[in-house]
Amino acid sequence: MSADPTPTGRSCPGPDESTIGLMTSERHVRNSLTGDRTVAVQASVVHGGVHITMHDGSRPVPRQLPAGVRELFGREALLARLDELQPNGLAALSGMAGVGKTALVLHWASGAAHKFPDGQLYVDLHGFGGGEPLRPQDALAGFLRALGYSRPEELVTLEERAAHFRTLMSGRRALVVLDNALSADHVRPLLPGPAGGTVIVISRHHLSGLVVRHAATAIRVDPLEERAGLGLLRTAVGDRSHHPAAGALVRLCAGLPLALRIVSERITRSASADLDGVVAELADEQARLDVLDTQDDARSAVRTVFSWSCRALPDHEADAFRLLGSHPGPEFGQNAVAALLDIPPATAANLLRSLTRKHLLLDLGSGRFGWHDLLRTYARELSNRTGTAVDRQAAVARLFDHYLHSTDLAGRIVMPHRLRFSLEGRPVTLPDLRSRDDALQWLDLERRNLEAMCAVDDPAFDGRRWQLAYTLRDYYFLTKAREGWLSTHEKALAACVRAGDPLAEARTRNNLGMVLVEMGELDEGAKHYRRARELFEGLGDGHGRSNALVNEAAVLRRRGDFAAALRNQELALKWYRDNGAHRNIGITLRNKALVEMKLAHFSDAVEHVEEAIDIALGLDLELDAAEGFGRLGRIHQRAGDRPLAEIAFRRAVHHARCCGSKHEEARALQELGVLAASTGRFEEARDFWSAALNLYGRLGSTEGGAVAMALAQLDADH
């Protein structure tokens, strides 16, 4: 048999002798080829089927990107990063549900279409949604059809489809957007190869595998800052965005574009809708996620898109996320989570990192993790709705025990020699606190959590609540954080009364009266002191009664009843001396010296405050020493001995810095400024007052007002 040459000039081989009988009876066949074709096949005998896909020489140019938003706000830096992608580059873009990841990419792609003349491919992989994720082989089938391969089902295996996709994409200047990817493995077969165009993968998870194995550029999309959120709101609702409540609305939507668009649609849908009303609804945490629901589109409901993120979690992570909703505070460390979940700290750390990679938690640095506000609301809702009340209560009890005993540990370091007693519960973990700085840093970090724990209104935890407030008093007395002091002790008092515990009530009233007096509420403070004294007397508690007497004396002194104040102090001093309560002796002597100063009994005042300082230094009580030297300075100043007053105030600054009391340091610096100004050292006075004003400002204290006025007068006069 002979044949014309093929279009490539090669001869076809002759048939095997065993197949001649199957050939046509016409032994010589003349073949011809017409038309413009890129592939030709000539065969004499065919076993099985022959499938030939013909191309007309032009390549399809797919334009698959869906419509996006016309205007973005606050995304300039992210758009610039996308602009920086190299041809054939790979980006892994991640962020929490509803943060606007897809909107960002589609907006960028519409403006960068000229960079991709060979097409734009898009697929939603449904990694997070109500159904099953789209299989990579099914996504590839769609891509192959878009690229002109009409029968991808003939490529049976995933590997065949992936290889053919890479072949068809080779050399193309195209864009591939892989949206809603569940994992790196979910998208790896869809990567077109080193010369197959630019690829952007969008996921709610940080896809470390793409970054590590494929050198993908990792881009994180965070919620909008308030200014950008206001811009979005302004575009959506017009002039109504100038309402004073607009900023609160953006904050309650936590900067999520999805949430902001939902409330914007609600406002524009009704002419009578106003921002105040929407803000009031969103402020109710129980109803917040109901407000952020369009009711007619699952993809436009914040609760639903959050649920899709949780549905993709392994069971142990889903259970942990739910139980974390029982944590009342805004942030936490691994030890608190270990206690809450009853797992080892190292396991808790791995769990927290995993939830962070999936954008269900925020990494706040230094081993601290927190919530996006709406996710926190959703987790709390899950916690209340699923699981058993017994499990939730057990988890919160473990958390209470961790915080209560950790606070007590920190308090013992910050303020030793204070009256202590046995606490409820047993901690699973405790922080590693080795110094005063460690203890103060831990208390600073955990303050909001501790205050939130005191607000847990469950009778099962009334004992732990008042004990936690009691242990926090050390920190509050040092820092003068009066709002937290007041709120925790008011809640603690309610817990004591409900529990019917008179000793707890008396101790709490003593501390509550103290902060009220600090705030100038003398009548209210005195009421608590009197009731505390009555309760202690009824219980036969001499130490508690003496504390209440000293506290009442502070009110009497402020009211000018110096004789009554001294009587109370003498009664308390006798009990303290008889029972060896050395720290209380020092405290009472300092207070007695103030009364004596008011009476101009300066020698007695100096004698008593110096004895108090000796006690403080002997017990290594830096705060007590700072207060003692500050009081000694004021006595000398009042007596007209400025040199001795200045020495005492400088010692007060030193000891205040040693114990970390910014309040005592500021008070001593303020007095040093007064002394400097009174002796004509105006530059020194300005330096002292400026330093004091800075410290008062950092504390949020109103006492800085007098210092600011003194500085202004100094500037005016000199």
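1. Let's start with a kink. Helix H19 bends by about 35° at Arg 473. As you look for this bend, keep in mind that the model is a predicted one.

2. Now check the length of H19, which covers residues 462-479. With 18 residues at 1.5 Å a residue, H19 should span 26 Å, and its end C-alpha atoms are indeed 26 Å apart, so the two values agree.

3. How many of the residues of H19 are buried? The count is 18 of 18, so to speak of H19 as mostly covered fits the cut-off, because buried means under 20% relative accessible area. Just past the end of this helix, have a look at Lys 480, which takes a positive phi of about 60°.

4. Next, a pair of helices. Two packed helices are described by the angle between their axes and the distance between the axes. For helix H22 (residues 522-539) and helix H23 (residues 542-558), the axes come within 9 Å and cross at roughly 155°. Angles over 145 degrees count as roughly antiparallel, and therefore H22 and H23 are roughly antiparallel to each other. Their crossing is left-handed. On the H22 side, the residues making the contact include Leu 522, Ala 526, Tyr 529 and Phe 536. From H23, the contact residues include Gly 544, Ala 548, Leu 549 and Val 555. Arginines take part from both helices, among them Arg 530 and Arg 533 of H22 and Arg 545 and Arg 558 of H23.

5. H23 also has a second partner to look at, helix H25 (residues 582-598). Which way does H23 run relative to H25, roughly parallel or roughly antiparallel? The axes come within 10 Å and cross at roughly 20°; H23 and H25 are therefore roughly parallel to each other. This crossing, too, is left-handed. To find the meeting place, look for His 543, Asn 547, Val 550 and Arg 557 in H23. Facing them in H25 are Asn 584, Thr 588, Asn 591, Leu 594 and Val 595.

6. Finally, zoom in on a single residue, Ala 648, which sits in helix H28 (residues 642-659). Is Ala 648 buried or exposed? Its relative accessible area is 4%, so Ala 648 is buried. Leaving aside neighbours within four places in sequence, Ala 648 is in contact with Phe 629, Leu 632 and Gly 633. You can also compare sequence and space here: Ala 648 and Gln 637 are 11 residues apart in sequence, and their C-alpha atoms are 9.8 Å apart.

Terms used
Residues numbered from 1 in each chain as written. Predicted model: local features only at pLDDT ≥ 70, side-chain atom pairs only at ≥ 80, totals over all residues. Heavy atoms only, no water. Helix = DSSP H or I, 4+ residues; strand = E, 2+ residues; numbered from the N terminus. Buried < 20%, exposed > 50% of the residue type's maximum accessible area, 1.4 Å probe, protein only. Contact = heavy atoms within 4.5 Å. Expected span 1.5 Å × (residues − 1). Bend = angle between axes of the 7 residues up to and from the residue. Axes fitted to C-alpha atoms, helices over the stretch in contact; angles between N-to-C directions. Parallel < 35°, antiparallel > 145°, perpendicular 65-115°, else oblique. Left-handed = near helix turned anticlockwise from the far one by under 90°.
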